[in-house]
Amino acid sequence: MSTFSLDLNEDQIQIQKWVHDFAESVVRPAGHEWDEREETPWPIIEEAAKVGLYSFDFITQCFFDESGLLLPIANEELAWGDAGIALAILGSTLGLAGIAANGTPEQLLEWGPQCFGTPEKIQMAAFCVSEPDAGSDVSSLKTRAVYDQAKDEWVLNGTKTWITNGGIADLHVVVASVDPELGARGQASFIVPPGTKGLSMGQKFKKMGIRASHTAEVVLDEVRVPGSCLLGGKEKLDAKLAAVREGKKSSSQAAMATFEASRPSVGAQALGIARAAYEYALDYAKERRAFGRAIIENQGIAFKLADMKTRIDASRLLVWRAAWMGRNSKPFEAGEGSMSKLFAGETAVWVTEQAIQIMGGYGYVREYPVERWHRDSKIYTIFEGTSEIQRLIIARAVSGVHVP
């Protein structure tokens with residue numbers, strides 16, 4: 001008998017239901033309010049912390065799931081409730097992913113819990129990569145980290161932009177250039193602990209979608225952090241830089257190591273939005289009557305829904321495959337992580353647009369959630385690597401050619 005199966009185990013099913021119930025009863029009813037307010041939904045985050053959803057323990061449980069599916073499952077269900085609130089709850093996970101991908105086990109144990117705090121004292125984390133002149137081009141980061149050997153401190157200067165939880169986070173994980181001549185291979189990640197002098201919030205952005213998620217600039221002005229805040233440690237960094245200078249290939253890059261781990265989960269969020277819009281449009285099409293019958297009885301509507309469902313299920317399969325490969329250390333030889341994020345992100349935009357079309361004028365007004373879901377979906381073709389960047393990664397992987 002074959003051991004291949006796409007069935008979730010009992011624990012995964014229970015957690016899926018638990019997260020879905022929270023999304024249905026707490027997140028979705030609050031989606032419109034916090035989208036309008038464009039503020040961090042602290043009461044919702046507090047509720048998530050009380051039930052254990054916003055916690056280091058839960059995310060650790062997801063990371064250690066042998067199938068790799070638990071984190072995408074949770075991401076999909078929360079985004080099904082509302083993507084902006086989901087990102088407010090899940091944003092700290094990206095900072096944690098930066099620590100897990102680049103830090104030592106000791107650093108993960110020290111700083112990981114501080115990404116979330118406790119239900120009594122909630123904390124947040126932020127992962128800081130993009131800059132005003134270096135979005136998709138992470139090799140061009142200008143933020144510098146200079147080592148002060150006399151004090152065993154690193155001095156960080158620069159400006160980061162488009163940062164989730166930027167400036168309001170307690171703990172910031174910052175990717176900075178140690179040796180600019182080496183491009184992305186000369187970068188490292190640093191922990192900026194809570195209360196560190198010199199770190200401040202710049203402009204807070206007013207966005208088209210995911211408005212409940214805080215996005216802002218982070219300004220680093222002579223920020224000094226202890227040597228122990230270099231993720232991975234100085235010995236490992238020195239060895240990597242020496243190898244690169246000798247012409248050897250670097251095994252990892254500070255920013256890319258985090259994005260490779262997070263792309264399937266980002267794809268799962270897009271999948272959650274698409275599923276929400278599809279389900280809403282399906283229910284509407286069954287109930288809405290025109291010319292004496294339910295509109296779903298028209299092929300023009302029925303075929304749209306068939307295509308929506310097909311693309312959603314295809315997206316989930318790509319997301320689950322990439323998540324499983326990542327958890328089981330299977331190399332992304334064909335850019336499978338990028339495939340999942342690319343297809344799910346573009347599916348979310350397309351599906352939400354079809355949902356609006358099915359609903360007509362009702363889909364276009366803010367009284368109904370599909371217009372918000374459409375606005376929310378667009379960011380999934382932009383952040384953590386645009387669709388064009390994902391295609392570039394896939395093209396390079398499948399061809400073996402450095403496509404410029």
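A residue counts as buried when its relative accessible area is under 20%, as exposed when that area is over 50%, and as partly exposed in between; the legends below apply these classes to a predicted model.

**View 1. The aromatic pair of Trp 154 and Phe 190 in the predicted model.** Nine aromatic pairs are counted in the structure. In one of them, Trp 154 and Phe 190 are tilted with respect to each other, with 5.1 Å centre to centre and an angle of 55° between the planes. Trp 154 belongs to strand 3 (residues 153-164) and Phe 190 to strand 5 (residues 187-192), so the pair ties together parts of the chain that are 36 residues apart in sequence. Trp 154 has a relative accessible area of 3% and is therefore buried, and Phe 190, at 0% relative accessibility, is likewise classed as buried.

**View 2. The aromatic pair of Tyr 362 and Tyr 368.** The rings of Tyr 362 and Tyr 368 are arranged edge-to-face, with 5.6 Å centre to centre and 75° between the planes. Tyr 362 counts as partly exposed because its relative accessibility is 40%, and Tyr 368, with a relative accessible area of 23%, is partly exposed as well.

**View 3. The ring cluster that includes Tyr 147.** Ring pairs link Tyr 147 with Trp 154 and Phe 190, and the three residues form a cluster. Two of its members have already appeared in View 1, where Trp 154 was described as buried and Phe 190 was described as buried too.

**View 4. A nonpolar surface patch made by Phe 4, Leu 6 and Leu 317.** The side chains of Phe 4, Leu 6 and Leu 317 make a nonpolar patch of about 350 Å² on the surface. Leu 6 is placed in the segment that comes before helix 1 (10-37), and its relative accessible area of 49% makes Leu 6 partly exposed.

**View 5. The whole chain, as context for the close-up views.** The chain contains 13 helices and nine strands, and its C-alpha atoms fill a box of roughly 80 × 45 × 45 Å along the principal axes. For 404 residues a compact globule would have a radius of gyration near 22 Å, and the chain, at 22 Å, agrees with this expectation. Of the 404 residues, 54% count as buried, while the accessible surface comes to about 18,500 Å², with 53% of it belonging to carbon and sulfur atoms. Among contacts with a separation of 6 or more, 74% are made by residues 24 or more positions apart.

Note on methods. Residues are numbered from 1 along each chain as its sequence is written. This is a predicted model: local features need pLDDT of at least 70, side-chain atom pairs count only at pLDDT 80 or more; totals for chains, interfaces and linings use all residues. Side-chain values use heavy atoms; hydrogens and water are left out. Patches are made of residues with over 30% relative accessible area and no salt bridge: like charges are joined within 9 Å, nonpolar side chains (Val, Leu, Ile, Met, Phe, Trp, Tyr) within 5 Å. Accessible areas come from the Shrake-Rupley method with a 1.4 Å probe; for residues, only the protein chains shown count as cover. A salt bridge is a side-chain nitrogen of Lys or Arg within 4 Å of a carboxyl oxygen of Asp or Glu. Helices (H or I, at least four residues) and strands (E, at least two) are DSSP runs, numbered from the N terminus. Buried means under 20% relative accessible area, exposed over 50%, partly exposed in between (1.4 Å probe, protein chains only). The radius of gyration is taken over C-alpha atoms; the globule rule is 2.2 Å times the number of residues to the power 0.38. Contact means heavy atoms within 4.5 Å. Rings of Phe, Tyr and Trp (its six-membered ring) pair if their centres lie within 6.5 Å; planes under 30 degrees apart count as stacked, over 60 as edge-to-face and the rest as tilted.
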